[in-house]
Number of protein chains: 2
Amino acid sequence: MRERNLAVVLEQVVRCQPVTRARLAEHTGFTKTTVSNLLAVLEGAGLVQDGALVQGGERGRPGIAVSVNGDGAAALGLEINVDYLAACVLDLGRRTRYHQLVTFDNRGRPPESVIASLGRLAAEAVAAAAGQGLNVAGAMVAVPGLLDRENGLVRRAPNLGWTDVPVSTLLRDALPDLPIPAAHDNEANLAALAELWFGDGARHGGFIHVSGEIGIGAGIVMDGQVLRGTHGFAGELGHLIVEPGGAPCTCGGRGCLEQSAGQDAILRAAGLPAVTATTAAKPDGPIKALIALLERSDPRALAALDGAGRALGATLASAVNLVDPGAIVLGGIFSPLAPWIRPAVEAALAEGGGSLRTEVPPVVASELAGNAAVLGAAGVVIERVIGHPALLLPS
Amino acid sequence: MRERNLAVVLEQVVRCQPVTRARLAEHTGFTKTTVSNLLAVLEGAGLVQDGALVQGGERGRPGIAVSVNGDGAAALGLEINVDYLAACVLDLGRRTRYHQLVTFDNRGRPPESVIASLGRLAAEAVAAAAGQGLNVAGAMVAVPGLLDRENGLVRRAPNLGWTDVPVSTLLRDALPDLPIPAAHDNEANLAALAELWFGDGARHGGFIHVSGEIGIGAGIVMDGQVLRGTHGFAGELGHLIVEPGGAPCTCGGRGCLEQSAGQDAILRAAGLPAVTATTAAKPDGPIKALIALLERSDPRALAALDGAGRALGATLASAVNLVDPGAIVLGGIFSPLAPWIRPAVEAALAEGGGSLRTEVPPVVASELAGNAAVLGAAGVVIERVIGHPALLLPS
DNA sequence: CATATTAGTAAACTGTATGGATTAAATAGC
DNA sequence: GCTATTTAATCCATACAGTTTACTAATATG
C-alpha cells in the first residue's frame with residue numbers, strides 16, 4: 001500500500017524533475033500532507049532531495065523544489081556482445097556517470113571466462129560509482145540470444161556459441177549484496193527500451209526498434225513495455241522471409257531478411273570483405289569502411305544499401321500492419337547508415353504498409369547507436385528502483 | 001484501496017468458482033477476516049452467493065462454498081456486421097442467458113438507422129435479462145472497422161460504408177443508466193478475446209486469432225490483453241504482402257493476403273460465385289456451398305483451400321517471428337474450413353516460422369466461429385465488472 | 001467422549017491516508 | 001511600512017482498512 005504510493009510519488013518526481021510538494025499533491029491526487037510524509041521516507045532512503053526555492057504562481061510562499069537525488073542510488077548496466085564487453089553506471093537522474101567498453105573477441109570463449117571478465121568490469125564500475133558517492137542498487141546484463149528469463153539462463157546465443165548458460169546466477173556470485181539482484185535480458189529488447197527512455201522513442205508512443213548487428217533483431221515497444229511474446233522470442237525480424245526460395249539462412253529457412261539486409265550481406269553486396277573473427281574484434285571497423293565508400297558515392301555501396309533498405313522496408317511493412325507502431329527506429333549499424341538506407345526503407349514501407357490507415361509511420365535513426373543495449377540495461381534497473389522504491393528503504 | 005481488494009477477491013472467486021473463504025484467504029494472501037468482510041460487500045452488491053457446505057480436507061469443519069451469483073449482474077454484448085446484427089447477454093458465470101441474431105443487409109444503410117435497430121435489439125435483450133432476474137451492468141459493441149476509441153467513434157468501416165460515426169454516443173442514448181456505459185471495440189479484437197475467455201485460447205498463453213470474414217483481420221492476445229498498436233490498428237494481417245506485385249487490393253497495395261485467402265478469393269478459386277449484396281445477406285451461405293464441394297473432394301475447391309492456406313501460413317510465419325504467439329487460432333470462416341485449410345497453413349508455417357526457436361506454434365480451429373465477436377463484447381463487460389466491482393456497489 | 005483439525009467470526013490493534021487548522025513566506029494594495 | 005491575500009508546507013485528530021489474537025462452530029479420529 002504505502003509501497004505503491006511511494007512509487008507513485010517517486011515516479012512523478014522523476015517525470016517532473018524539479019517539483020514542489022504542492023504540484024506533486026495535485027498530480028498524484030494525494031493530499032499535501034501525504035506527499036510530505038512519503039517524500040520524507042524517500043529522502044531518508046536517499047532517493048530524492050530538497051533543492052532551492054521555486055516560485056510557482058505570481059505570489060504566495062514559494063515551494064521547495066524536490067528533485068531526484070543524483071548522488072544516491074545508481075544502476076549498473078552491462079553488455080555481453082560478440083566482440084566487446086561493456087558497463088555503464090547511471091544515476092537516478094538518468095545521467096551517465098561511468099562508461100566503459102572493452103573490446104574482446106568472445107566467440108568460443110568459455111562462458112565462465114567471459115562472465116568472469118564481465119564481473120571484473122562490473123566490480124570496477126561499482127567501485128567507480130562508489131567513488132562518486134553512488135550506491136549501485138542493481139544490475140542488468142544485455143545478452144544477444146534467446147533467453148529463458150524465468151530460470152535465469154541464456155538458452156542459445158548462436159553468435160557467442162553459448163547454450164544454457166546461467167548468466168544471472170553466475171553474475172550474482174560476482175556481484176553479491178545488491179538490493180536488486182542481477183538479471184539479464186535480450187540485447188534487442190534492451191536497446192528498444194533505451195530508445196524509449198533515453199532517445200526520443202517516447203514521442204512516438206509505441207515503436208519498433210530495429211537492431212542491426214550481425215543479425216537483425218527488433219524490439220517492439222507498446223504502452224511503455226517490450227512485447228516479449230509467449231516464450232520471449234518476439235521481434236525476430238531478421239527471419240521474416242523477403243525472398244521466397246532465396247538464399248538459405250542459418251535458421252534453416254530461405255530468403256530471410258538477414259540474408260538481404262544483415263551486416264554480412266550488405267558488406268558483400270558493397271564489395272567489402274565479410275566480417276571474420278579478427279575484423280569483428282574492431283567494433284564498427286567494417287561499417288566505417290562502408291561509410292567511407294558511401295561518402296565517396298561508390299555506386300556499388302549505394303546499390304547495396306538501396307537493396308538492403310528495400311528488403312528491410314518490405315519486411316517492416318508487414319510489421320507495421322501487424323503491430324501498428326508509431327515509428328520505426330533504426331538502431332545498431334542501421335543508425336550510422338541511416339542517411340543511405342532510409343530512403344529505400346521509406347519507399348518500400350510506403351508501398352506495403354498501406355492497409356486502411358492513411359499514413360505510414362516515420363522512419364528515424366536512433367541517436368544511441370551502439371550504446372543502446374547497455375543504457376537500456378541500466379534503464380531497466382532505474383525503472384525497477386522507481387517502481388519499487390521500498391526495496392531501497394533502510395530496514 | 002478497498003476497491004482493488006474487492007476486485008482481487010472477486011477475481012479469485014470467478015477463477016475457482018466454488019471456493020471456501022479459507023481457500024480464498026490462502027490464494028489472495030488476505031486474512032480470513034478480511035476475505036469475509038470483502039465477501040460481505042460483494043454479496044451485498046449481488047455479485048457472489050453462498051452455497052452448500054464443502055468438505056475440503058479430511059476432517060474439520062466444512063467450509064461454505066462461495067460462488068459467483070449467476071442471477072445478479074449481467075453483460076450485454078452487441079455486434080454490428082455487414083449482414084447481421086447480434087446481441088447476447090452473459091451472466092457473471094459466463095453462461096449465455098440470451099442470444100439473438102437478426103440478418104440485415106447493413107451496407108449503405110444510414111448509421112443512425114442501423115444503430116436504432118441495434119438499440120431495439122439491445123432493449124429486447126435487457127428486457128429478457130430482467131425477466132430472468134438479471135441486471136445488465138454494461139454493454140459493448142463489436143464493429144468491423146478502424147476505431148477511435150478515445151473519442152468513441154468509428155473512424156472507417158469500409159464494408160459498412162461508414163465514416164466517423166459516434167457509435168458509443170448514439171448507443172448510450174438508446175441504453176441510458178447503465179453503471180458501465182456502452183462502448184465499442186473492433187470485431188477482430190473482441191473475437192480474439194472471446195477465444196481467450198470462452199474458447200481454449202487461455203491454454204496457449206498468448207495467441208493470434210485470425211478472423212476470416214470478407215476481409216482478414218487478426219487479434220493478437222499477449223499476457224491476457226489485446227495488442228492494439230499506437231493508433232489501435234494492429235492486427236491488419238489481411239494486408240501483409242504475400243505475392244509482391246500481385247493482384248491489386250482495396251488498400252492500394254498489391255498482392256495482399258486478402259487477395260489470396262480472403263473469402264472472395266477462395267470462392268473464386270473454387271469456382272463459386274463471389275459474394276454479392278444479396279447472397280451476403282445469408283450468413284455462411286457461400287461457405288456452406290464451399291464446404292459441400294470440399295466434402296465431395298472437389299479438386300478445384302481443395303486446390304483453392306490449399307492455395308489460401310499456403311498464403312495464410314506464409315503470412316502467419318511473419319507474424320510468428322514478430323510476435324511469438326503460443327498458438328494460431330483459426331476463426332471466422334477459417335473455423336469451419338479448418339479441416340481443409342489447416343494442413344497447408346501448417347506446412348507453410350513450418351517453412352517460414354523457423355527462426356531460432358525449435359517449434360512452430362500449433363494451429364487450432366476456434367470453436368466459437370461466428371459468435372466470437374458478440375461473446376467477446378459481453379466478455380469485456382464481464383471483465384470490467386470483475387475488475388471494478390465497486391462500480392456496482394449500492395451507493 | 002475427548003482430542004485434533006479445519007472454517008469462520010468478533011474485538012482489539014496497527015499502520016496509512018485524510019481533513020481541517022496552523023505556521024511560513026512571499027506579493028499587492030493602501 | 002503596514003495589512004490583506006495568496007500559496008506552501010506542516011501538525012494533530014480522525015477515519016478507514018486490514019491484521020492479530022482469541023474464540024466459537026462443525027466435523028473426523030481414536
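## Where chains A and B meet

In this predicted model, the contact draws on 38 residues from chain B and 38 residues from chain A. Together the two chains bury about 3,200 Å², with 65% of that on carbon and sulfur atoms. If you're looking for salt bridges between chain B and chain A, the count is zero. Polar contacts are another story: 20 residue pairs make them across this pair of chains, counting pairs with both residues at pLDDT 80 or more.

On the chain B side, β12 (216-222), α11 (299-323) and α12 (338-352) each put in at least two residues. The largest share, five residues, comes from α11(B). By class, that side of chain B splits into 17 nonpolar, 15 polar and six charged residues.

## Around DNA strand D

Now for the DNA. Strand D is surrounded by 26 residues, and the closest are A:Ser36, A:Arg61, A:Ile64, B:Asn5 and B:Thr34. The surface near the strand is made of eleven polar, nine charged and six nonpolar residues. Of the strand D atoms within 4 Å of the protein, 75% belong to sugar or phosphate, and the rest to bases.

## Reaching the bases

Which side chains of chain A have an N or O atom by a base nitrogen of strand D? A:Thr33 does, at 2.8 Å, and so does A:Lys32, at 3.4 Å. From chain B, a backbone N or O atom of B:Gly60 sits 3.3 Å from a base oxygen of strand D.

As for whole elements, those giving two or more residues to the surface near strand D are α2 (21-28), α3 (32-44) and β2 (63-68) of chain A, plus α1 (2-16) and α3 (32-44) of chain B.

Note on methods. Residues numbered from 1 in each chain as written. Chains lettered and ligands numbered in written order. Predicted model: local features only at pLDDT ≥ 70, side-chain atom pairs only at ≥ 80, totals over all residues. Heavy atoms only, no water. Near = heavy atom within 4 Å. Polar contact = N/O pair within 3.5 Å; in protein donor to acceptor, adjacent residues only side chain to side chain. Helix = DSSP H or I, 4+ residues; strand = E, 2+ residues; numbered from the N terminus. Nonpolar A, V, L, I, M, F, W, Y, C, P; charged D, E, K, R; others polar. Contact = heavy atoms within 4.5 Å. Buried area = accessible area lost by both parts, 1.4 Å probe. Salt bridge = Lys/Arg side-chain N within 4 Å of Asp/Glu carboxyl O.
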